[in-house]
Amino acid sequence: MASSPTFLLLVALFALISWQAVASDPGPLQDFCVADMHSPVRVNGFVCKNPMDVNADDFFKAAALDKPRVTNKVGSNVTLINVMQIAGLNTLGISIARIDYAPLGQNPPHTHPRATEILTVLEGTLYVGFVTSNLPAPNRNKFLSKVLNKGDVFVFPVGLIHFQFNPNPHQPAVAIAALSSQNPGAITIANAVFGSDPTISDDVLAKAFQVEKNTIDWLQAQFWENNQN
């Protein structure tokens, strides 16, 4: 039987390997891998630009994240800075977003399929929450929520449906979110279900939501606006 220190070393090594295997983005094997957006090669992410051609601008964007944004009809605007805006984020597993909320505005229920999100409130108040997955009882689809004030921080676990809502009818709110992927993705639930192209059969959705088909038809006829920039 292996000695205790050897056993603990093996356990630690296995845990490290397992963590790398389930990480959202692959870990870098060099200092950086600036995305070559013009390469015809298709990989999971982007191929590396020649390091000799890399300069400081590959890690920079004048994003003006200190400036307010115009919100849409659901009352929010998400300004995401990911690898498509800063090529130097390739393989680094992180991105950032500014989120503006109009009075009574919301960032509607959505998921990030490839990232955990950590959000901090810069201005105003937000009511936020997420719903757990279809776990065995008693935690099946458990709703966890919190009211956040300026300076508060909240975490949304990877892949779970979550939202933010500004409950103040008179004042806007602003938040900054960091996400654990160079390309976290976003799936807004209502847009995906009722605004898909082509549309999902109303027979399927009527059965799934236990409503009449004319209700589904009405929902599918709405304009499902995207608040992601």
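Helices (H or I, at least four residues) and strands (E, at least two) are DSSP runs, numbered from the N terminus. The model is predicted: local features need pLDDT of at least 70, side-chain atom pairs count only at pLDDT 80 or more, and totals for chains, interfaces and linings use all residues. Residue numbers start from 1 along each chain as its sequence is written, and side-chain values use heavy atoms, with hydrogens and water left out.

**View A. Ends of helix α3 (residues 202–209).** At the N-terminal end, Ser201 acts as the cap of α3, with a side-chain oxygen 3.1 Å from the backbone nitrogen of Asp203 (a polar contact is a pair of N or O atoms within 3.5 Å; within protein, one must be able to donate a hydrogen and the other to accept it, and residues adjacent in sequence count only if both atoms are side-chain atoms). Just after α3, Gln210 has a positive phi of about 55 degrees.

**View B. Two faces of α3.** Asp202, Leu205 and Ala206 are buried (buried means under 20% relative accessible area, exposed over 50%, partly exposed in between, with a 1.4 Å probe and protein chains only). These residues lie on the same side of α3 because they cover an arc of only 100 degrees around the axis, the arc being that of the directions from the helix axis to the C-beta atoms. Lys207 and Ala208 are exposed on the face turned away from the buried side. The cover over the buried residues of α3 includes α2 (189–194) and α4 (213–220), where contact means heavy atoms within 4.5 Å.

**View C. Packing of α4.** Ile216, Leu219 and Gln220 of α4 are buried. They fall within an arc of 95 degrees seen down the axis, so they line one face of the helix. The face turned away from them carries exposed Asn214 and Trp218. The buried residues of α4 pack against α2 and α3.

**View D. Strand β1 (residues 76–81) and its partner β2 (residues 95–101).** Six of the six residues of β1 are buried. Ser76, Val78 and Leu80 point one way from the strand, and Asn77, Thr79 and Ile81 the other way. β1 and β2 pair in the antiparallel sense over six bridges; two strands pair if DSSP finds at least two bridges between them. Opposite Thr79 stands Arg98 in β2.
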